[in-house]
Amino acid sequence: MRYALIGCGRISPNHVVAAQNNNLEIVALCDIERNNAEDKAIKFDIDLSQTKIYTDYIEMLDKEKPELVAIATESGKHADIALTCISHGCNVIIEKPIALSLEDADKIIEAAEKEGVKVCACHQNRFNKSIQTIRQAIEKRRFGKLLYATAHIRWARDHEYYDRATWRGTWEQDGGALMNQCIHDIDLLRWMMGGKIVEVVGMTDRLVHPYIEAEDLGIALVRFENGGYGIIEGTTDVFPKNLEETLYIFGEKGTVKAGGEAVNIIEEWNFSDYLDDPEAVKKECKENPPNVYGFGHTKLYRDVVDAINNDRAPYVDGYAGRDALELVLGIYESAATGKTVQFPLKKGATIDYKGRF
């Protein structure tokens, strides 16, 4: 399968490795800074007689005609690039968030359905062993009634991190801690709790990063249609380094905690049915990834390739990406207005909050 990557920055190594692990034919690497693409080619031993380097993604699409394109640029460009790729008949993997407005997310989903191509939102943590094990327990109804879930993303981002890319922390191209760093766990919380939300109450603030536009702290309460609740706490203010990304699920018959730096370890596993040994489960679900991105990209790519070959929806499709985006935007709206926000949202975009702080 002919594959191309657009955007060769911080997250791109995970995409390159995932493409190589799935034996994709890497026909092109594209970045507006040519040296970024060239550096990745050198680092991952990509043969530049077979793989072309581009700085213009439209030229790349016209010349190389890839079947699958991964989009790993700044968030504010995801939608325009995705729509262009889809119009060229390409299947797409879009790094989180899928877009920065609900309107753009809907356009992506509608265009893909019209063109008959697949859209995958890159929420790779869904493929963590820990998360897959919890999901199986959810689907087998081992928790009984789902009571509530909590997501805690306690990370650190310093001035140097934001200086390395001027788009970071801007409303037009990124959003803040919730949209960028915390959206993976926000996706997991919504997915585990049944997806459908009734209302959200949120607060956000910018406490220690005066050089960015958006929030570095977000706290929210979520009420789900199934009667359960969610609590979200996300920040990039932790001193001196990333502390944890943790997901708790509480049910009337079960309690589970996925922890570690990126929900890659099961730390608590208790069910009233005693169908398995908690210590054995914890031993099995104890991945040690080299960074917060984990090992999920390769599995996500494998699923997308299979979805294309068998004409089915990807495991993490465009609607999943839209759901995560909608929840963050709902928190933003509640924080800005001081009011409870009812779901589903009719509209919303990060740019609506320019000048918020």
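Helices (H or I, at least four residues) and strands (E, at least two) are, throughout this tour, DSSP runs that are numbered from the N terminus. The structure in your viewer is a predicted model, in which local features need pLDDT of at least 70 and side-chain atom pairs count only at pLDDT 80 or more, while totals for chains, interfaces and linings use all residues. Residues are numbered from 1 along each chain as its sequence is written, and side-chain values use heavy atoms, with hydrogens and water left out.

**First stop: Asn180**

Begin by selecting Asn180, which you will find in the loop between helix H7 (159-163) and H8. Asn180 is buried, because its relative accessible area is 9%, and buried means under 20% relative accessible area, whereas exposed means over 50% and partly exposed lies in between (1.4 Å probe, protein chains only). Now show the side chain of Asp174 as well, since a polar contact of 3.0 Å joins the side chains of Asn180 and Asp174. A polar contact is a pair of N or O atoms within 3.5 Å; within protein, one must be able to donate a hydrogen and the other to accept it, and residues adjacent in sequence count only if both atoms are side-chain atoms. If you leave aside the neighbours within four places in sequence, Asn180 is in contact (heavy atoms within 4.5 Å) with Lys96, Tyr161, Trp167 and Asp174.

**Second stop: Lys96, Pro97 and His78**

From Lys96, step along to Pro97, where the peptide bond between these two residues is cis, with omega near -15°. Pro97 lies in the loop between strand E5 (91-95) and helix H5 (102-115). Both Lys96 and Pro97 are touched by His78, whose other contacts are Ile71, Thr73, Ile94, Glu95 and Ile98, not counting residues up to four places away in sequence. Select His78 next, in helix H4 (residues 78-87), and notice that His78 is buried, with a relative accessible area of 0%. A polar atom of the side chain of His78 lies 3.0 Å from the backbone oxygen of Thr73.

A cis peptide bond also joins Phe343 and Pro344, with omega about 0°, and to see it you should go to the segment after strand E14 (341-342), where Pro344 is found.

**Third stop: helices H1 and H10**

Select helix H1 (residues 12-21) together with helix H10 (residues 296-310), which pack at an angle of about 50° with their axes 8 Å apart. That makes H1 oblique to H10. The axes are lines fitted to C-alpha atoms, for helices over the stretch in contact, and the angles run from 0 to 180 degrees between N-to-C directions. Angles under 35 degrees count as roughly parallel, over 145 as roughly antiparallel, 65 to 115 as roughly perpendicular and the rest as oblique.

Which residues of H1 and H10 meet here? Asn14, His15, Val17, Ala18, Ala19 and Asn21 in H1 meet His297, Thr298 and Tyr301 in H10. Is H1 largely enclosed by the rest of the structure or open? H1 is largely enclosed, because 7 of its 10 residues are buried, and these are Ser12, Pro13, Asn14, His15, Val16, Ala18 and Ala19.

Follow the chain onwards from H1 to Asn23, in the loop between H1 and strand E2 (25-30). Phi of Asn23 is near 55°, a positive value in a residue other than glycine, and Asn23 counts as exposed at 68% relative accessibility.

**Fourth stop: Tyr274**

Go next to Tyr274, in the loop between strand E13 (265-271) and helix H9 (278-284). Phi of Tyr274 is near 50°, a positive value in a residue other than glycine, and Tyr274 is exposed, with a relative accessible area of 71%.

**Fifth stop: helices H6 and H8**

Now select helix H6 (residues 129-139) and helix H8 (residues 183-192), which pack at an angle of about 20° with their axes 11 Å apart. H6 and H8 are therefore roughly parallel to each other. To display the contact, pick Ile131, Gln132, Ile134, Arg135 and Ile138 of H6 along with Leu188, Trp191 and Met192 of H8.

**Last stop: Leu243**

Finish at Leu243, in the loop between strand E10 (229-235) and strand E11 (244-251). Leu243 is exposed, with a relative accessible area of 54%. Leaving aside its neighbours within four places in sequence, Leu243 is in contact with Arg154, Trp155 and Val238.
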